[in-house]
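Good morning, and thank you for making time for this short presentation. I should like to take you through one model, beginning with the sheet and ending with the backbone.

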Amino acid sequence: MKVGIIMGSDSDLPKMRKAADILTVFGIDYEMVIASAHRTPAVVHDFVERIEREDGVAFVAGAGAAAHLPGVVASFTTLPVIGVPLDATALQGMDALLAIVQMPSGMPVATMAIDGATNAALFAVQICGTRDANIREQYKQYRVDMAAQVISKNEKLQAELNG
Ligand code: RP5
């Protein structure tokens, strides 16, 4: 079971590394590549086909500007594609968000928030969890830990406010 992480440029890497970090936490195998829908379409095609052959379960695709990459990935596979619009231009990610979210009927891309690589990876974790009960349990625990952190932060705040 493997997740393919793809991004349009090395300038996307600092944000997209967060997706890899999450998959590492959950022990999920991934491959991460830079390949552009516009500059290297053949490389995108080959990557998508290979990941699909090698038991791929989902793709996380991040791009900024005229962000066609997630949609192009979707055109080469029937695996779920999770798109991450990136803030890379003067339009601050709105260009990428609209490009990724407005896919034509029949060709869905699950679109995350601008710069939402963490949630993209967690969505991939959830997809992996449909195949693997251990991953499901790990993700449940992740939620429990997150809730405990919020409660602890509130306790600190209340202690500060109430002396
Ligand atoms: C997109 O154009 C990339 O995904 C990147 O976010 C943006 C700018 O790319 P560079 O000009 O920095 O390579 O294709």
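**The sheet and its surroundings**

Strands E1 and E3 run parallel to each other and are paired through 6 bridges. Please keep in mind throughout that this is a predicted model. Within that pairing, Gly 4 has Phe 59 of E3 as its bridge partner. E1, which covers residues 2-7, also pairs with E2, residues 29-34, again in the parallel sense and over 6 bridges. There, Ile 5 is placed opposite Met 32 of E2.

As a reminder, the strands of a sheet pair through backbone hydrogen bonds, in either a parallel or an antiparallel arrangement.

What is the order of the strands in the open sheet? It reads E2-E1-E3-E4-E5, 5 strands with parallel pairing. E2 and E5, the latter at 110-111, each have a single partner strand and stand at the edges, so one side of each has no neighbour in the sheet.

The connection between E1 and E2 also deserves a word. Together with helix H1, residues 13-25, these two strands make a β-α-β unit that is right-handed.

Let me now turn to one residue of E3. Val 60 is found in this strand, which spans residues 56-64. Is Val 60 buried or exposed? Its relative accessible area is 0%, and because buried means under 20%, Val 60 counts as buried. Leaving aside residues up to four places away in sequence, Val 60 touches Val 3, Gly 4, Ile 5 and Ile 6. The list of its contacts also includes Met 16, Ala 19, Ile 82, Val 84, Ala 120 and Ala 124. Of these, Ala 124 is 64 residues away from Val 60 along the chain, yet their C-alpha atoms are separated by 7.5 Å.

**Charged pairs**

I move on to the salt bridges, of which the structure holds 7. I shall discuss some of them individually.

One of them joins the side chains of Asp 115 and Lys 15, with an N to O distance of 3.4 Å. Asp 115 belongs to the loop between E5 and helix H5 (117-129), while Lys 15 belongs to helix H1, so this pair ties together parts that lie 100 residues apart in sequence. Asp 115 is partly exposed, at a relative accessible area of 26%, and Lys 15 is partly exposed with a value of 26%.

Another salt bridge involves Glu 31 and Arg 50, whose closest N and O atoms are 2.6 Å apart. Since Glu 31 lies in strand E2 and Arg 50 in helix H2, residues 41-53, the pair ties together parts 19 residues apart in sequence. Glu 31 is partly exposed at 21% relative accessibility, and Arg 50 is partly exposed at 25%. This pair also belongs to a wider arrangement: Lys 2, Glu 31, Arg 50 and Glu 54 are linked in a network of salt bridges.

The side chains of Asp 55 and Arg 131 meet in a further salt bridge, at 3.2 Å from N to O. Which parts does this pair tie together? Asp 55 is in the loop between H2 and E3, and Arg 131 is in the loop between H5 and helix H6 (133-162), so the parts joined are 76 residues apart in sequence. Asp 55 is partly exposed at 35% relative accessibility, whereas Arg 131 is exposed, with a relative accessible area of 51%.

**Backbone and surface**

Most residues other than glycine have a negative phi. Asp 55, which we have just met, has a positive phi, near 65°. Gln 92 likewise is not a glycine and has a positive phi, of about 55°. Gln 92 sits in the loop between strand E4 (81-86) and H4, and it is exposed, with a relative accessible area of 55%.

Finally, the surface. Leu 91, Met 94, Leu 98 and Val 101 form a nonpolar patch there, with about 370 Å² of accessible area together. Of these residues, Leu 98 is located in helix H4, residues 94-101. Leu 98 is partly exposed, with a relative accessible area of 47%.

To close, I return to the two themes of this talk: an open sheet of 5 strands with parallel pairing, and a set of 7 salt bridges in the structure. Thank you for your attention.

Notes. Residues are numbered from 1 along each chain as its sequence is written. This is a predicted model: local features need pLDDT of at least 70, side-chain atom pairs count only at pLDDT 80 or more; totals for chains, interfaces and linings use all residues. Side-chain values use heavy atoms; hydrogens and water are left out. Two strands pair if DSSP finds at least two bridges between them. Helices (H or I, at least four residues) and strands (E, at least two) are DSSP runs, numbered from the N terminus. A crossover is right-handed if, with the strands pointing away from the viewer, the path from the first strand over the helix to the second runs clockwise. Patches are made of residues with over 30% relative accessible area and no salt bridge: like charges are joined within 9 Å, nonpolar side chains (Val, Leu, Ile, Met, Phe, Trp, Tyr) within 5 Å. Accessible areas come from the Shrake-Rupley method with a 1.4 Å probe; for residues, only the protein chains shown count as cover. A salt bridge is a side-chain nitrogen of Lys or Arg within 4 Å of a carboxyl oxygen of Asp or Glu. Buried means under 20% relative accessible area, exposed over 50%, partly exposed in between (1.4 Å probe, protein chains only). Contact means heavy atoms within 4.5 Å.
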